[in-house]
Every structure is written in C-alpha cells, then in structure tokens.
Amino acid sequence: MRPLDAIGFAVTSLGGNRVRTLLMLLAMAIGVAAVVLLTGIGNGARLYIVDQFASLGTNLVIVIPGRAETASNTPATLVGETPRDLTLDDARALARSETVRRLTPLSVGEMTIAWRGKERQIPLFGSTASLLEIHHLRLERGTFLPEEDMEIARPVCVIGAKVYRELFGQQNALGELVRLGGFRCRVIGILGSEGRSLGLDTEEMVIVPVAFAQMLLNTEGLFRILIEARDLATIDRLKAHINATIAKRHYGEEDVTIITQDSVLATFDKILQVLTLTVAAIAGISLVVAGILIMNVMLMAVAQRTAEIGLCKALGAGRLQIMALLVTEALLLSAIGGLVGLALGFAGSWLAVQFYPTLNTTPPSWAIAAAFGTALGTGFLFSLLPARRAARLDPIQALARR
Amino acid sequence: MIELREVSRLFTVGGQEVRAMDRVSLDIASGEYLSIMGPSGSGKSTLLNILGLLDTPDSGTYLLQDRDVTHLNDRQLAATRSRTIGFIFQFFHLIPRLTAQQNIELPLLLAGVPQRERRERSRPLIEAFGLAERCHHRPDELSGGQRQRVAIARAVINRPAILLADEPTGNLDRHAGGEIIDLLEGLHRDGLTLVVVTHDPEIGERAARRIRVVDGRIANDSKGP
C-alpha cells in the first residue's frame, strides 16, 4: 500500500469511531501541552533568576570566611563558626590592588528598629558607601552611607521603603533618630522600592556603616566581602591577589571561599536546568500514560475490527502490511495529538506571560522537539503490541466474525 | 489450474483430533464451474479455505497454476491470494465506513495501485454490476443484493484466475440470490474459474461439475447436467 493511501485509510478508520479518536487525541494533546508548558515555565524561571544575577554584574567576586571544601569536616562548622573571621583589616588589605575597582565589607544580623513606640524586626546590613553601586541599589531620598573610613562607626542608617512606610507612614524620616538595638541612629536615606536583589528584599533592609553594625551585633567578623573586579579579564588575577593576601594575613592559611558571579550563575543555571528537566520528565510520564491509553484503545479496536483485518488478509495484505496500517493509525493520532498539544502548550505559555509579564515562558526548542518526539515514540511503541496481535490473526477465524 | 494431492487437514477440538479433510485429491481445470455441497461440518469450508490459501494443509500437496503452494510463507501466500484468487463471502464482509466504490477498490489499495488507476478499473465494474447510482453509499445504505454485488466487484477487480464463493446467496432472499448466481455465471462465461460452496441444492445443481463432501472426503464428483 502506498504511504499516502495508508494515511488515507488510517484517517477513515479513525473517523469511523470519533469519540474514541477524540479521547486518544485529548490524552496525547494534554501530555504534550504539559511538557511544553511546564518546561516553558521552568525555563522562564531559570532565565529570570539568571537575569537577576547577571544584573548584578558578572565581575563581582564574593569572599566568604572559611573554606568550602574543608568546612564540612571541621567541628567548628557544626556550631556555625568558621576557623578564622574575616575582618575589616582583611578588607582593607584586599582593597590594595589595581585589580579591584570597588570593595565593600558586609556584616549581617537581625536587629530591632524602633521609632516613637513603633518597632519591627529587620535584617541589618553593615557596609560602606560602595555597596550602593556594587549591589545596584537605588536611593529614593536622602543620601547613602558617607564616603569615609570603614572603621568609623557613625550612627547613621539608610532604611528600606517598607521599613520607612511601616515606621513613619507618610511623615518625614530624614534626620529622624531611630533606635537600633540599644543605640540611637539618624536616618539619612531611604531606599527605592525596586523589590528584591540577590534573594534579599531591599524594601525591608536597614543599612548602617559596617563598624557601627559590628558594634550593634557585637562581632568582629564579617559576613563576607564583596569585590568588583576592574573587568572580567582581571578576575583570575584578583582571585590570586585575594588568596595571597589572606594567606599572608592568616598565617599561611587560605581559609576563605571565593565565589565569582560567573560560578554562582553557572551553578544556579545548572540547578534550574535540572529542575526544568525533572518537571519535563514528570510531564513526560503523562505522555507515556497517553501511550498506554492508545495501546488499550487500539487493542479494543483490533478486537472490534477483527473481521476487517481478516478481510484485508484474505484480499492479499501480509502481516507486515497489517502492522503498518495499525502503526500508521497510532502515529497519525500521536502526530495530530502532538500538534494540538503544542498549540495548547503555546497558548498556555502566552496566557502565563499575560499574568506574569516578567516570566519569559517560551518553551525551549529542545522541549518542543522532545515532547513531539516522545508523543510519536510512545504512539509507535504502544501500537506495536496491538498491531502484532492484528497481524497474527488467523484470517479464517477473523472472517468467521460478522 | 488446481491440483490437490492427498491433502489432509486436522483440527484439535476439545482434546480430540478431528480430520476436517482426509486425503482429498482434486483437479480443477481452468475455466471450470464447480459447486461444493455437503452437510454442515463435512469439511467443505475447510476445502475452500485451503483452495483459497487462507489455510495450509497438514499433509499432501497443493499445486496452483503448476506451482507448489503447499509451503509458502505468509508474505508469499498473501501475494498469491492477491494476484490469483477472488473471495466472496456469505456475510459480504464490506468495511462499513468505506463507500461501495472504496470497498470495491480495496484489493487495489492494498496492492499499492495509484488512485487514478483504481478509479479507471473500478468504474467499468460499477457500471456493469448496476451500482453506478449507489457507488458513493456506504454498505448500511445498500440492500443485501447490492452489497453482494459490491463484494463480487471487489473479488474480481484484481482480475483473479479463480473466484471462490462461500455461500454467496446464504444471506439473500430468493430473488436477490438468483441475481447473484446469474452474475457469477456471467463472470464464469467470461473465462473465470468459479468454485461455489453452497447448502442450496438448486444452486449447486446449476454448476457444470458438482462435488459432494462428506466427513472430510469427496463422496461424489459428477459432471454434466
């Protein structure tokens, strides 16, 4: 039989039982749509997060106290301490290199802020003036931390937009004295409400000079040091400089972990890619379920069409031809179901963008190909058993059925 | 045309061996008109199935057009059936979702004949069998006689050498049955070898050669009026 005739014959037989055909198409379409939509959303989330990171600048280098590869083996890590703290002196020493464009130490802790009887818990960030540019923060009103030596514990603070709203409402906050822990502190600036950066809600944070934060939190150690390299090409030299400086200052121990924005980005990208793949695989299971449905329905169809299959054999169709006819039917179903599924998936992606415009939910081309390919593959695979059964039918017994 | 030599066919029914055909030898010449009669279970359908290559003998030899077809594989059997043999069944066996014309063209479709040629070959048959008005109707819109005419057109569209008819009038009234037999006899007069299995003695007697099968053997083989 010619391929086009085989397709035509398959169309007539699929049209012969419309409800059955529609059910199988629906199952296939839902499976393909699920794969396309879920990978689209997963991919969108990945792009969004990667984009967030990239906006911080890829030449950012983060120095964290303690070595990642040894940290898990030391008893100190069990209580959350690292062998040796990073200090402001370390930061100052690290700043002395032409590979460094900007540097800022970061000290982090929980603190209570209060103003005229109102108070709330806030994440406290101790840093320097450079944080504004390194972290791409936007100042709404007032000024940021003063450009001065990082050892000066000036009692001033810059507050997040939400902290401002909750404490001051519509009133003026600039120049007001708030209470941070046991100290009084003057508000000099209010951050813009651009939302989140690096997983931190900038609306909720309060930033003070790093030396003041160390006093408030009663610690010498820094949470980390953020360094912006002069450019991407100097990152390796900067890393060498960090290691050498730290080793010199920490008695020969290179006990810091250096994270570059690139590596963080790559790690996140990898994790999110695996997550997207996992979600796609889960959706793929629905395609297999659809394949099993096709198999069941085709087994039923073979039983119902026994006489027809017997007739085709009597009229000269061999086993292979009978198999080919049934497999063509299944492939046709899978292909149409797959196309409908792709359309549904794209429609779903479009709808998701209408609700979350920041999410680019365009499904990756590999997911489209994989979803369609899996649909065809399962259709083919699960039609083999019914097709084989049909091909093996004894024409005499088959024709005995009316 | 057809030579059966000592052909036997055994079936196992309920653990017991039943000899549906017992060392049957039969020669059918090209262009012969033969009827096979006998009581139910006598083996006449088994004989027809073996003649039609739908079944293969357990022992003996079958020569079709001087070629030994006893041990052909599935593909060879299918190809030989397609080229040489036309089948007509008691229950027509038309595909319900196809039109009369599509049913008639089915053997050509399976043989990979292009649509234009299929149309060219089915048209004269549709005209000759009086189906022109009904060729775009589906089987459930046709009378019993019309359905059987569609089935006969389907059986001869591949220009087979032999036409095997299994109770072709068994599901028709007397009038329609008579018309069908007239049609088959017309095809025989045009040169086709015709083998009809029937219960009906009146139809059986119309054949030039009559075989009576009893208990898997040919009990009687008579020629002439």
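The crossing of H5(A) and H9(A) is right-handed, a word used when the near helix is turned clockwise from the far one by less than a right angle, anticlockwise being left-handed. This is a predicted model, in which local features need pLDDT of at least 70 and side-chain atom pairs count only at pLDDT 80 or more, while totals for chains, interfaces and linings use all residues. Residues are numbered from 1 along each chain as its sequence is written, and chains are lettered from A and ligands numbered from 1 in the order in which they are written.

Let us stay with that helix pair. Helix H5 covers residues 88-95 of chain A and helix H9 covers residues 235-249; their axes lie 10 Å apart at an angle of about 140 degrees. Axes here are lines fitted to C-alpha atoms, for helices over the stretch in contact, with angles from 0 to 180 degrees between N-to-C directions. H5(A) and H9(A) are therefore oblique to each other, since angles under 35 degrees count as roughly parallel, over 145 as roughly antiparallel, 65 to 115 as roughly perpendicular and the rest as oblique. From H5(A), Asp90(A), Ala93(A) and Leu94(A) meet Ile242(A), Thr245(A), Ile246(A) and Arg249(A) of H9(A); a contact means C-beta atoms, placed from the backbone, within 7 Å.

Just past H9 comes Tyr251(A), in the loop that leads to strand S12 (256-260) of chain A. Its phi is near 55 degrees, a positive value in a residue other than glycine. Tyr251(A) counts as exposed because it has 8 C-beta neighbours inside 10 Å; the cut-offs are 12 or fewer other C-beta atoms within 10 Å for exposed, 20 or more for buried, and partly exposed in between.

A second helix pair is H1(A) and H12(A), whose axes come within 9 Å and cross at roughly 70 degrees. That makes H1(A) roughly perpendicular to H12(A). Their contact has nine nonpolar, two polar and one charged residues, where Ala, Val, Leu, Ile, Met, Phe, Trp, Tyr, Cys and Pro count as nonpolar, Asp, Glu, Lys and Arg as charged, and the others, Gly among them, as polar. Among the residues that meet are Phe9(A) in H1(A) and Leu332(A) in H12(A).

Now for the meeting of the two chains. Chain A brings 24 residues to the contact and chain B brings 22 residues. Helices H1 (3-16), H11 (306-314), H12 (319-355) and H14 (395-400) of chain A each supply at least two residues of the side that touches chain B.

What about the inside? The largest nonpolar core holds 123 residues, and Val32(A), Val35(A), Ala153(B) and Val195(B) touch the most other members; such a core is a set of buried Ala, Val, Leu, Ile, Met, Phe, Trp, Tyr and Cys residues joined through C-beta atoms within 7 Å. Helix H2 (residues 18-54) of chain A gives the largest share, 13 residues. Apart from this core lies another, of 56 residues, including Leu167(A) and Ile258(A).

Finally, the chains as wholes. Chain A has 14 helices and twelve strands, these being DSSP runs numbered from the N terminus (helices H or I, at least four residues; strands E, at least two). Buried residues make up 42% of its 402 residues. Chain B has seven helices and ten strands, and 48% of its 225 residues are buried.

Methods. Contact = placed C-beta atoms within 7 Å.
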